Structure formats: structure tokens, C-alpha cells
Amino acid sequence: MPRRHRRAPEEEARPLSPGVRGLAAPAWAVVDGATVRMVAGGDKPYLCPGCLHEIRPRVAHLVVVEDDDVEGRRHWHTECWRRELRRRFGRGPAPG
Ligand SMILES: [Zn+2]
């Protein structure tokens with residue numbers, strides 16, 4: 001009788017930093033081409049690429065992983081991401 005090898009369950013998603021809980025991102029923050037999650041904030045500060053200022057520990061913010069840069073997880077202030085989306089998909093006059 002053949003034995004079944006039991007494989008340890010593999011974790012698909014890498015866990016966020018300890019103490020950082022993933023929350024559902026607000027609908028407006030979700031975009032094609034990136035994975036957006038909201039986190040409640042961890043123990044260490046992050047640099048927001050939107051404003052180049054620190055996201056302080058324990059401050060809820062967004063974690064964005066672009067599909068074409070899966071290694072490059074970025075932490076954004078919620079408001080900075082909102083502004084970034086407006087910049088990218090702005091409803092202003094279309095260029096050209
Ligand atoms: Zn910012």
C-alpha cells in the first residue's frame with residue numbers, strides 16, 4: 001500500500017512584518033496592475049514614496065505592490081496614494 005507523502009503547507013503570501021495586520025484596502029485605492037492592502041501600522045517607520053516623508057509606526061497606511069515590481073513593496077500614506085492615483089489616472093484634461 002503506497003504511502004502518501006504529506007507536504008507541509010506552503011505559504012503563498014509572504015507575511016507582513018510582525019504586528020502588522022492586513023486590512024482590506026478601500027475600494028478607491030485598488031487599481032489594476034498593483035496589489036493594494038491597508039495595514040494598521042507596524043513597529044517601524046516607513047518612507048512614503050509619495051511625499052518622501054516618514055510613515056510613523058502604528059499609523060494605518062497602504063502597502064502597494066506593483067505587478068511589474070513584485071519585490072518592491074511600497075508603503076504609502078493613504079492620502080499620498082490617493083493623490084498618486086489622481087496623478088496617474090487624473091480626470092483632468094487628457095494629455096495630447
Ligand atoms: Zn506620504
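Two residues are in contact if their C-beta atoms, placed from the backbone, lie within 7 Å. I applied that to Tyr-46 first. Leaving out neighbours within four places in sequence, I found Tyr-46 in contact with Ile-55 and His-75. The model is a predicted one.

**Entry: confidence**

I looked up the pLDDT before going further. The protein chain averages 82, and 72% of the residues score at least 70. By element, I noted the lowest confidence in strand 1, with a mean of 72. The highest is in strand 4, at 97.

**Entry: layout of the chain**

I listed the secondary structure and got one helix and six strands. From the N terminus the order is β-β-β-β-β-β-α. I then looked up burial: 16% of the 96 residues in the protein chain are buried. For sequence range, I took contacts between residues at least 6 apart in sequence; 38% of these join residues at least 24 apart.

**Entry: strand 5 and its partners**

Which strands pair with strand 5? I found strand 2, residues 34-39, joined to strand 5 by six bridges, and strand 6, residues 73-76, joined to strand 5 by four. Strands 2 and 5 run antiparallel. Strands 5 and 6 also run antiparallel, and a hairpin of six residues connects them.

I wrote down individual partners. On the strand 2 side, Val-39 stands opposite His-61 of strand 5. On the strand 6 side, Leu-62 has Trp-76 as its bridge partner, and Val-63 stands opposite His-75.

**Entry: the nonpolar core**

Which residues make up the largest nonpolar core? I counted nine: Val-39, Tyr-46, Cys-48, Ile-55, Leu-62, Val-63, Val-64, Trp-76 and Trp-81. Strand 5, residues 61-66, gives the largest share of this core, with three residues. In soluble globular proteins, nonpolar side chains tend to be buried together. Two members of the core, Leu-62 and Trp-76, are the bridge partners I had already noted between strands 5 and 6. Tyr-46 and Ile-55, the contact pair from my opening note, are both in the core as well.

**Entry: Trp-81**

I followed one core residue into the helix. Trp-81 is in helix 1, residues 78-88. Is Trp-81 buried or exposed? It has 27 C-beta neighbours inside 10 Å, and the cut-off for buried is 20 or more, so Trp-81 counts as buried.

Beyond four places in sequence, I found Trp-81 in contact with Ala-29, Gly-50, Leu-62, Val-64 and Trp-76. Among these, Leu-62, Val-64 and Trp-76 belong to the core. I also took the C-alpha distance from Trp-81 to Val-63: 9.6 Å, with their positions 18 residues apart in sequence.

**Entry: strand 1**

I checked Leu-23, which is in strand 1, the element with the lowest mean confidence. Leu-23 has 12 other C-beta atoms within 10 Å; exposed means 12 or fewer, so Leu-23 counts as exposed. Outside four places in sequence, Leu-23 is in contact with Met-38, Val-39 and Ala-40. Its C-alpha is 9.9 Å from that of His-61, which is 38 residues away along the chain.

**Entry: Pro-26**

Next I looked at Pro-26, in the loop between strand 1 (22-23) and strand 2. With 13 C-beta neighbours inside 10 Å, Pro-26 counts as partly exposed. Pro-26 and Val-36 are 10 residues apart in sequence, and I get 9.0 Å from C-alpha to C-alpha.

**Entry: positive phi**

I searched for backbone angles that needed a note. Most residues other than glycine have a negative phi, and most peptide bonds are trans. I recorded two residues against that background.

Leu-52 has a positive phi of about 60 degrees and is not a glycine. Where is Leu-52? I found it in the loop between strand 3 (46-47) and strand 4 (54-55). Leu-52 is exposed, with 8 other C-beta atoms within 10 Å.

Arg-58 has a positive phi of about 70 degrees and is not a glycine either. Arg-58 lies in the loop between strand 4 and strand 5. I counted 12 C-beta neighbours inside 10 Å for Arg-58, which is therefore exposed.

Notes. Residues are numbered from 1 along each chain as its sequence is written. This is a predicted model: local features need pLDDT of at least 70, side-chain atom pairs count only at pLDDT 80 or more; totals for chains, interfaces and linings use all residues. A nonpolar core is a set of buried Ala, Val, Leu, Ile, Met, Phe, Trp, Tyr and Cys residues joined through C-beta atoms within 7 Å. Two strands pair if DSSP finds at least two bridges between them. pLDDT is the predictor's confidence in each residue, from 0 to 100.
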